Amino acid sequence: MPAISRPLSSCDPPRRHCGRQLTSQSVYLLSGRLAPWFAGGAAVLCAIGLYLGFFVAPSDPHQGEHFRIAFLHQPSMWISVVIYILMAAASVYGLLRKQRVAAMLASSLAPTGALFAFLALWTGSLWGKPIWGTWWVWEARLATEMLVLFLFLGFIALHETIDDYRRADRACGLLALVGLVGLPLLYFSVYRWSLYYGTSNRSLPAPTGETSIIATGLFVMTLGLFAYTAAATLTRLRNEILKRERSSDWVLTHFRGQQ
């Protein structure tokens, strides 16, 4: 590792391709710069999306006011699946290329993915009770979302259980890869099971009426939750880097320079 002549600061340009240690260092500094911007964007976009969903969008003639839960439910479900795909991709990349930063990114994504998977299931139950008359139905989409939540929780638990970071990254990478292959199989198997036994595929019906306002609200909420995901992941990634490299020279020099 090259000698560091002075303490690092957030104004220092990230150094690239200078070794694994400096890659973590550059990611740490870059994450610190980007996270506040994403957090600010998330606050603004979510405020606009909730305003459109709860105050501007008209009531649905069939679902009444209950359809407004969709402004949290739908984006949460979409984002939880996207986060899982990103987490699995980062895990596999880190596993194949032995990139610790990719593995740390995967572990930083998992808590936010679990949060949105739980939020999607919770709001789906709140919506399903008055519309369907039950809190839960065994439907392909909901069953897949529940598996996504279990995969996130399993990923987090497995990572926390194994003390050796390298072994934990390898085990979590394999789990994420198995889940990525299993999710489409589960979706289609439950879907075929529903058709075979005559169970209707209950999808939450799209509200009618001012669809442009509703679509805009859903789109803005999705962007806002994506921005929150980025801010939370980058902040968690910085903590993960510090936890793993707390004894490295660049971390000690960085914090010694801030005292």
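**Entry 1: Phe-38**

I began with Phe-38, which is found in helix H1, residues 20-56. The model I am reading is a predicted one. I looked up how open the residue is: Phe-38 has a relative accessible area of 34%, so I noted it as partly exposed. Next I listed its contacts, skipping neighbours within four places in sequence, and found Ala-227, Ala-230, Ala-231 and Leu-234. I then checked the backbone distance to one of these: the C-alpha atoms of Phe-38 and Ala-227 are separated by 5.1 Å. Along the chain, Phe-38 and Ala-227 are 189 residues apart.

**Entry 2: H2 against H6**

I turned to helix H2, residues 70-97, and helix H6, residues 211-244. I found that they pack at an angle of about 45 degrees, with their axes 9 Å apart. I therefore wrote down H2 and H6 as oblique to each other. The crossing of H2 and H6 is right-handed.

I looked up which residues meet there. On the H2 side they include Phe-71, Leu-72, Trp-78 and Ile-79. On the H6 side they include Leu-218, Met-221, Leu-225 and Phe-226. Sorting the contact of H2 with H6 by class, I got 13 nonpolar residues, five polar and no charged ones.

**Entry 3: H2 against H3**

I took H2 again, this time with helix H3, residues 100-132. Their axes are 7 Å apart, and the packing angle is about 155 degrees. An angle over 145 degrees counts as roughly antiparallel, so I put H2 and H3 down as roughly antiparallel to each other. H2 passes H3 in a left-handed crossing. By class, I found 20 nonpolar, nine polar and no charged residues in the contact of H2 with H3.

**Entry 4: His-159**

I moved to His-159, which lies in helix H4, residues 140-161. Is His-159 buried or exposed? Its relative accessibility is 9%, so it counts as buried. Leaving aside neighbours within four places in sequence, I found His-159 in contact with Ser-107, Ala-168, Asp-169, Cys-172, Glu-240 and Arg-244.

**Entry 5: cysteines**

Cys-172 had come up as a contact of His-159, and I looked it up separately. Its relative accessibility is 1%, so Cys-172 counts as buried. I did the same for Cys-46: at 16% relative accessibility, it too counts as buried, since the cut-off is under 20%. How many disulfides are there? I counted zero disulfides, taking a pair of cysteine sulfur atoms within 2.5 Å as the rule.

Conventions: Residues are numbered from 1 along each chain as its sequence is written. This is a predicted model: local features need pLDDT of at least 70, side-chain atom pairs count only at pLDDT 80 or more; totals for chains, interfaces and linings use all residues. Side-chain values use heavy atoms; hydrogens and water are left out. Axes are lines fitted to C-alpha atoms, for helices over the stretch in contact, and angles run from 0 to 180 degrees between N-to-C directions. Helices (H or I, at least four residues) and strands (E, at least two) are DSSP runs, numbered from the N terminus. Angles under 35 degrees count as roughly parallel, over 145 as roughly antiparallel, 65 to 115 as roughly perpendicular and the rest as oblique. A crossing is left-handed if the near helix is turned anticlockwise from the far one by less than a right angle, and right-handed if clockwise. Contact means heavy atoms within 4.5 Å. Ala, Val, Leu, Ile, Met, Phe, Trp, Tyr, Cys and Pro count as nonpolar, Asp, Glu, Lys and Arg as charged, and the others, Gly among them, as polar. Buried means under 20% relative accessible area, exposed over 50%, partly exposed in between (1.4 Å probe, protein chains only).
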